[in-house]
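Got your viewer open? Let's take a short walk through this model, one selection at a time.

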Amino acid sequence: MSNDTSFTAAGTGSGAFGDFSEATRLTVARSTLNGLMTWLGEAGLAAARESAGLQAAIDQHAASVRDALGDPAPGLGAVPLAGYATGVRDALIEAQWQLAPSTEVDWSNLEWPALRLIAICALARAGGHA
């Protein structure tokens with residue numbers, strides 16, 4: 001992932017969401033998820049539609065994200081998903097992880113961080129948040 005964090009409108013860390021009203025938190029969360037979808041999710045989900053193996057890997061990561069967030073019966077909300085995405089982003093920045101430009105991504109050989117972020121996008125899309 002490049003150090004350009006433009007995929008998120010939120011501040012650093014999921015704690016930033018707690019300082020706003022519920023409506024503002026939802027707006028910021030959706031903006032974060034939409035930015036992630038634009039940056040990586042659209043291309044990653046399109047690649048997954050063409051590759052059963054990639055789709056399976058994304059599904060496994062999505063299950064892990066659901067487990068980490070408590071897998072609520074009505075589905076995951078935008079705020080918890082965006083908070084989780086922001087936490088992943090912050091950890092990746094700290095680790096200096098970078099994703100190749102989208103035109104150069106090898107969709108058949110993605111690293112864990114890209115799979116996790118695409119899984120977040122899949123969950124956001126399934127929940128109607130992005």
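## The whole chain first

Before selecting anything, take in the overall view: among contacts in the chain with a separation of 6 or more, 76% are between residues 24 or more positions apart. Keep in mind that what you're looking at is a predicted model.

Now switch on the cartoon view. You should find four helices and zero strands, and if you trace the chain from the N terminus, the elements go α-α-α-α. Of the 130 residues in the chain, 42% are buried.

## Stop one: H1 and H2

Select residues 22–50, which is helix H1, and then add H2. How far apart are the axes of H1 and H2? They are 5 Å apart, and the two helices pack at an angle of about 125 degrees. That angle makes H1 oblique to H2, since angles of 65 to 115 degrees are the ones that count as roughly perpendicular and those over 145 as roughly antiparallel. The crossing of H1 and H2 is left-handed.

Next, show the side chains where these helices touch. On the H1 side, pick Gly-44, Ala-47, Ala-48, Arg-49 and Glu-50. On the H2 side, pick Ala-52, Leu-54, Gln-55 and Ile-58. Color them by type and you'll get five nonpolar, two polar and two charged residues in this contact.

## Stop two: H2 and H4

Keep H2 (residues 52–68) and bring in H4 (residues 112–126). Their axes come within 8 Å and cross at roughly 75 degrees. Because of that angle, H2 is roughly perpendicular to H4.

Here's what to select to see the contact:

- From H2: Leu-54, Ala-57, Ile-58, His-61, Ala-62, Ser-64, Val-65 and Arg-66.
- From H4: Trp-112, Leu-115, Arg-116, Ile-118, Ala-119, Ile-120, Ala-122 and Leu-123.

Color by type again: the contact of H2 with H4 has 12 nonpolar residues, two polar and two charged. Spot anything familiar? Leu-54 and Ile-58 of H2 are in this contact, and they also turned up where H2 meets H1.

## Last stop: Arg-89

Finally, hop over to helix H3 (residues 78–94) and click on Arg-89. Is Arg-89 buried or exposed? Its relative accessible area is 3%, and buried means under 20%, so Arg-89 counts as buried.

While you're there, show the side chain of Asp-90 as well. The side chains of Arg-89 and Asp-90 make a polar contact, at 2.5 Å.

Technical notes: Residues are numbered from 1 along each chain as its sequence is written. This is a predicted model: local features need pLDDT of at least 70, side-chain atom pairs count only at pLDDT 80 or more; totals for chains, interfaces and linings use all residues. Side-chain values use heavy atoms; hydrogens and water are left out. Buried means under 20% relative accessible area, exposed over 50%, partly exposed in between (1.4 Å probe, protein chains only). A polar contact is a pair of N or O atoms within 3.5 Å; within protein, one must be able to donate a hydrogen and the other to accept it, and residues adjacent in sequence count only if both atoms are side-chain atoms. Axes are lines fitted to C-alpha atoms, for helices over the stretch in contact, and angles run from 0 to 180 degrees between N-to-C directions. Angles under 35 degrees count as roughly parallel, over 145 as roughly antiparallel, 65 to 115 as roughly perpendicular and the rest as oblique. Contact means heavy atoms within 4.5 Å. Ala, Val, Leu, Ile, Met, Phe, Trp, Tyr, Cys and Pro count as nonpolar, Asp, Glu, Lys and Arg as charged, and the others, Gly among them, as polar. A crossing is left-handed if the near helix is turned anticlockwise from the far one by less than a right angle, and right-handed if clockwise.
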